[in-house]
Amino acid sequence: MYKFSLFLCLGLCLLGCQEAPDSWELLSPNANIKVELRQEEGADAKRLMYSVSLKGDSAYRLVVQPSALGIEREGAVFDRDLRYQEARFLEEQAVQYEMKTGGWKTYQNKFTEAQIDFVNAEGQPISIQLRAYDNGMAFRYHFPSSPGGADTVVLVKENSEFHLGPGNFWGHPYDTITKYTPAYETYYSTALPIGTEAPTAKNGWAFPLLFETQNGWALVSESGLDGTHGGSHVHGQCQGGSYRIKYAEAEEAMGLHSNQQKSVLPMSTPWRFITLGNELKDIVESHLVTDLAAPSKLTNTDWIQPGVASWSWWSDNDSPQDYKRLLPFVDVAQQMGWNYSLVDANWNRMKNGSLEQLAKYAQTKDIGLLAWYNSGGPHNTVEEAPRDLMLDADMRKQEFERLQKMGIRGIKVDFFQSDKQAIIQQYIDLLEDAATYQLLVNFHGCTLPRGWRRTYPHLMTMEAVRGGECYIFAPEYPTRGPAHISALPFTRGVVGPTDYTPGGFSNNNHPHLTTHGFELALPFLIESGITHMVEKPAALQSLPDFAQELLRELPVVWDETRFIAGYPGKEAVLARRKANKWYISGINGEAKSKALDVDLSSLLEGSASISIIRDGQKVDDLILEKKQLDQTPLRLDLPAYGGFVILADAKSS
């Protein structure tokens, strides 16, 4: 916990120095963000409200309208008639850290912080902790130890809301409860009016939420889940632009475990954060989700190696059950210069060999194996195996020790289907035990990233996205997928690694409408600590030599990421730098051709030589074009559902 310095009231209270202030103001270090907290008289009680403003050219503009705060514990209410006790303000703080994966070599941000202490009508204490970053804000509730009071509390409901004015909204529904859901795998919407109700068959809207208002852009999500609290989403009814926090659904995890939060005092809720900006660039290039997360718990990270993996399951679902059908995927990983090969579900039923034999074979090729597991347990009924090994601590550690001795490099754990506190704790336990045995981790059928990659740097990637697997299952995916994918860099991709599983150039059950240029752009556009390439060896080897070479050199950890152009659901262009080379990738998410003017002047010298890999005349054609860049924006003609990758040397410093 930070130590706070107690300032004099003068200048800190909007209403001046008085014995019991009812409003407070917090400015970000560069004064770009202004957070106001106020107690307002309502029809039946005094309520605590916050609002957030963004500095424009000449004045602050209100982006987050006055929004309610409040929370309820078992036997105690903290959402009305709170009595002010004390306000403490923390002077400017700088955050700087590095991670093993992600879009930047170094992460930097600055913030100021305030803690406003209250008691409720019964005299029970609560604190509102606020942070104002140069590109956003965050808040959470803190319950201190209560001398003579209960050591354990149960949070039954949170009444926090995010109230946005008129504008556009992008979200994906928090799914209904089925054998395989919820798993954050619904489609991102195209632009909807702010306040649009979630589909009636779904359980509200899931994080992150993206808003375009007349006063600026905002992205809302949460960070800092440590096992003492479950994950949250928002209610589906959000009339007037009021999005209210909702805990996990009671029916999740087969109805096991409470969907309330039980914790020992002192305790803090997760951070609810809002990234703010005047432009989409401010959203796409933000990283509040890890800025708010706890620093790394690992002292030795030398063994953590991000990379690219081949994956047999997408093109041959039953291949993990046959040793001989897996060998070509180990071989192609070596041929492509990749690090890993993923052995997916049901490998414990393997014939013609075993995982141990495959691990030995892979070691002769200098390829690390990653092994799939079912997270269940009684909290799911999915039959895919191995299962019943990831829940009990002793069984899990025994299995991890066996994998380590075999030389297995990592695990993929699937089918969690719940944000309840007990399941969030299972994620944490898995991460901590995997670190002990130096195993990389990939979560699938899982919750949303909430900053864990900073705390546990061996967490390589998480699914939590409707991804490339849907070409197998969903007949509508070829038509709905492109717009959904082109929304991801502005939404899901902002909050953490995304295991979309790209690289499907051939067709699988439901044929692509996207071009080869679109598919080639995805592993550069979508960031993941391990990028799982789904294609079968023959299809990879049929790509032009220049495309194969590009995939051989595919970086997965970047020194810098910049937004270049785009609009959610229509098109997306990002630039990522590794050492002195820029990889600029873009996709067209619409069923119509278009011309994009791509301004690369901030990245490249005025007369830079660039290589463009783009679509030819047919959807499966790729062509390589080399040209000299002049000072004007580069015009690119994209076919419907097309894409490109540009390679160029960065400006000399």
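Strands are DSSP runs of E of at least two residues, numbered from the N terminus. The exercises below use this term for a predicted model.

**Exercise 1. Determine in which strand Glu560 is found, and whether Glu560 is buried or exposed.**

Solution.
Step 1. Glu560 belongs to strand 29, which covers residues 560-567.
Step 2. A residue counts as buried when its relative accessible area is under 20%.
Step 3. Glu560 has a relative accessibility of 18%, and therefore it counts as buried.
Step 4. The surroundings of Glu560 may now be listed. Leaving aside residues up to four places away in sequence, Glu560 touches Gly103, Trp104, Ala575, Arg576, Arg577 and Trp582.
Step 5. In addition, the side chains of Glu560 and Arg562 make a polar contact at 2.7 Å.

**Exercise 2. Describe which side chains of strand 32 are buried, and state how strand 32 pairs with strand 35.**

Solution.
Step 1. Strand 32 comprises residues 594-598, and its side chains alternate between two faces.
Step 2. Lys594, Leu596 and Val598 point to one face and are buried. Ala595 and Asp597 point to the other face and are not buried.
Step 3. Strand 35 comprises residues 634-638 and pairs with strand 32 in the antiparallel sense, over five bridges.
Step 4. Within this pair, Leu596 of strand 32 stands opposite Leu636 of strand 35.

**Exercise 3. Compare the expected span of helix 6 with the distance between its end C-alpha atoms, and identify what covers its buried residues.**

Solution.
Step 1. The expected span is 1.5 Å times one less than the number of residues.
Step 2. Helix 6 (residues 421-436) has 16 residues and should therefore span 22 Å.
Step 3. The end C-alpha atoms of helix 6 are 23 Å apart, which agrees with the expectation.
Step 4. The buried residues of helix 6 include Ile423, Ile424, Tyr427, Leu430 and Leu431, and also Asp433.
Step 5. Among the elements that cover these buried residues are helix 5 (393-406), strand 25 (410-414) and strand 26 (440-443).
Step 6. After helix 6 comes Gln438, which has a positive phi near 55°.

**Exercise 4. Decide what radius of gyration a compact globule of 653 residues would have, and set the value of the protein beside it.**

Solution.
Step 1. For 653 residues, a compact globule would have a radius of gyration near 26 Å.
Step 2. The protein has 25 Å, which agrees with that rule.
Step 3. Further values complete the picture. Of the 653 residues, 62% count as buried, and the protein contains 12 helices and 36 strands.
Step 4. Of the contacts with a separation of 6 or more, 70% join residues 24 or more positions apart.

Definitions and conventions
Residues numbered from 1 in each chain as written. Predicted model: local features only at pLDDT ≥ 70, side-chain atom pairs only at ≥ 80, totals over all residues. Heavy atoms only, no water. Buried < 20%, exposed > 50% of the residue type's maximum accessible area, 1.4 Å probe, protein only. Helix = DSSP H or I, 4+ residues; strand = E, 2+ residues; numbered from the N terminus. Pairing = 2+ DSSP bridges. Polar contact = N/O pair within 3.5 Å; in protein donor to acceptor, adjacent residues only side chain to side chain. Contact = heavy atoms within 4.5 Å. Rg over C-alpha atoms; globule rule 2.2 N^0.38 Å.
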